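Hi,

Here is the model I said I'd pass on. Have a look at it first, and then read my notes below.

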There are 2 protein chains.
Amino acid sequence: MVEARVTTLADVAALAGVSVATASKALNNRQQVAPTTRQRVVEAAEQLRFRPNTLAKSLLTGRSGTIGLVTHDLDGRFSIPVLMGVEDAAGTGKMSALLCDARGDSLREAYHLQALLGRRVDGLVVVGARPDPRESLGRLPVPVVYAYAPSLDPEDMSVTVDHEAGGRIGVEHLIACGRSRIAVISGDPAYGAAHQRATGALAALGAAGLAPWGGEVLFGSWTESWGRSATEMFLARPDARDAERGIDGILCGSDQIARGVLDVLRERGVAVPREVSVVSHDNWELFATGSRPQLTSVDMHLEDLGRRAANRLFEAIEGRATPGIDVVPSSLVMRESSLPTG
Amino acid sequence: MVEARVTTLADVAALAGVSVATASKALNNRQQVAPTTRQRVVEAAEQLRFRPNTLAKSLLTGRSGTIGLVTHDLDGRFSIPVLMGVEDAAGTGKMSALLCDARGDSLREAYHLQALLGRRVDGLVVVGARPDPRESLGRLPVPVVYAYAPSLDPEDMSVTVDHEAGGRIGVEHLIACGRSRIAVISGDPAYGAAHQRATGALAALGAAGLAPWGGEVLFGSWTESWGRSATEMFLARPDARDAERGIDGILCGSDQIARGVLDVLRERGVAVPREVSVVSHDNWELFATGSRPQLTSVDMHLEDLGRRAANRLFEAIEGRATPGIDVVPSSLVMRESSLPTG
DNA sequence: TTGTAGGCGTTATCAT
DNA sequence: ATGATAACGCCTACAA
């Protein structure tokens, strides 16, 4: 399709036979213009498919109506929902989002930052690849909100997840299901989240006077394969399936891990949820609902997190900045892998 | 963090004790400025952390250095790699991308379109939620490239996937593995891709003088659950595991379907790939490598598709538009679920 | 080598 | 009610 020339307000004014000033007022619903004139201008604008040049307005107002979105794993599982939330919050207003993928590289991040600031974004949302706290970008000419991965500087604005609470919620649910011999399979120990979830789980167990089955939390990776290995390790213990002392619940660090767990349990003829109840983290629909049985999982509400980040940013842009970390509570999504009560 | 005031070229010029014109020349490496002056200007710029206002330049040049990205399923599996490719191609240059999620809603799409055109994007990439052809946006003031979902108008620029070839490739590989009794489990019949992949598969079978095992291609949905059901239907046939006439290969419409297929085959004690080889589509790493055995899968090279879309758009922006559909070839990624030869 | 002036498209102010 | 004009920040002739 060939491009047509871009029409300007001057074109509209000319066609309507008025000055640009009048045309501007007419189109912006200023009250100092005759109805008939306004009508003529509006028609001219429509006829010419006039679309005001936001850039010119921005130059004048100093506001671009644009925010910068810096992500660190566009291909990852966690950035996307956050981005959606941000986009959602922005879309409902008149904000647009410039997207950049820095891929965990701080040089690339710096480069993109320059480009965004040059485009005079009104603010920035920086989405981390992993939940671990990150370096602050420091003092910038526009407000910044750190999403998912909070900033190390408490004076910055961050919105993140309470992984410890996630672990707690998972265990509490298992206990509520009447389980007391609960094994905990966490993920990659290089991630703070793996430890925090474990800590929360241990706390909940402790509060009920329990200890994790097998004596300790297992760390590995966020993969199905690790879920399978860990489960096999557990089942290899002589008392694993003992009616009195065997496992009756498993908390997994992610849906993928849980997926591996379920596969092995099925192979070994362990009934889920009757014999062993399973709860996992992330509530990744695809994994959680594709499995048999479907997974009960802790949802981090990442899209909500993104929306909050955006809204906090908008407030900061309006001059009402709120330093500190905002924690979005997780919640449990119940499915078949854990039966409430028995 | 508190915001600092934004510095302008005038500030730099003032600090350096020159006119804005000279400052501009100095910073843009124009050759008509004394080295010492340039030095002073550069230092002033650095000291003030000067960052030229791209918007002002855009107003002047008529180029915003920005492209609009309209996606229809940010949460979906297929948009993201395409977006990554686009972002990648843009990032290497000096283009930035404005991201919008229209969520399959054409009203929302129109709304976002207005916003993007108002921001004077230099061009647009429209990414479909599904591969089926879509309505053209028609004549717009900037070039548009349709990615993944091609435009119905052949005069538009589109970059898409050859699903038929994908189906063909899958079957040809199975045949090359020595398989001849190949069942085909496709996906949701509401998707053109489901039919095209099936058509390609049938063509390849026909070329080898074969017909699909069971007589026809099965359509269902893109889920694991459907993969399981379909497999059970096949295995329920009396000759399914006959050494002479039984299934020895399965082509699946997606990795998720294949996942379900593998699960049931394992449960029934069917050895993969020895007894039955399995090939699927999409090559979604997470699914393809998490399964046992890992999946041989047809990769659509979506990131490459995104890059191509972006590059074609950039060419069009430069005035070298190339109407028509560009098809990115798929290729096979071999893993354990299909053994080459036997 | 440096500075002055005009203009990009829009809005707001101030005349008319 | 309408229009002329300045201003936003920058770049590029052209003049000095």
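Which residues come nearest to DNA strand C? Of the 24 residues around that strand, the nearest are A:Leu9, B:Lys25, B:Gln32, B:Ala34 and B:Thr37; a residue is near a strand if one of its heavy atoms lies within 4 Å of it. Sugar and phosphate make up 61% of the atoms of DNA strand C that come within 4 Å of the protein.

Before the rest, some ground rules. This is a predicted model, where local features need pLDDT of at least 70 and side-chain atom pairs count only at pLDDT 80 or more, while totals for chains, interfaces and linings use all residues. Residues are numbered from 1 along each chain as its sequence is written, chains are lettered from A and ligands numbered from 1 in the order in which they are written, and side-chain values use heavy atoms, with hydrogens and water left out.

**Strand C**

Both protein chains have polar contacts here (pairs of N or O atoms within 3.5 Å; within protein, one must be able to donate a hydrogen and the other to accept it, and residues adjacent in sequence count only if both atoms are side-chain atoms). From chain B, an N or O atom in the side chain of B:Thr37 is 2.5 Å from a phosphate oxygen of DNA strand C, and for the side chain of B:Thr22 the figure is 2.8 Å. From chain A, the side chain of A:Asn28 has an N or O atom 3.4 Å from a phosphate oxygen of that strand. The elements that give two or more residues to this surface are helix H2 (20-27) and helix H4 (54-61), in chain A and in chain B; helices are DSSP runs (H or I, at least four residues), numbered from the N terminus.

**Strand D**

DNA strand D is also surrounded by 24 residues, and A:Lys25, A:Gln32, A:Thr37, B:Thr8 and B:Leu9 are the closest. Here sugar and phosphate account for 67% of the strand atoms within 4 Å of the protein. One contact goes to a base: a polar backbone atom of B:Ala56 is 3.3 Å from a base nitrogen of DNA strand D. Phosphate oxygens of the strand are 2.9 Å from a polar backbone atom of A:Ser19 and 3.1 Å from an N or O atom in the side chain of B:Ser24.

**Domains**

Chain A is divided into domain 1 (9-52), domain 2 (66-161 + 301-329) and domain 3 (163-300), with bounds from an automatic or database domain assignment. The centres of domain 1 and domain 3 of chain A, taken over C-alpha atoms, are 65 Å apart.

Cheers
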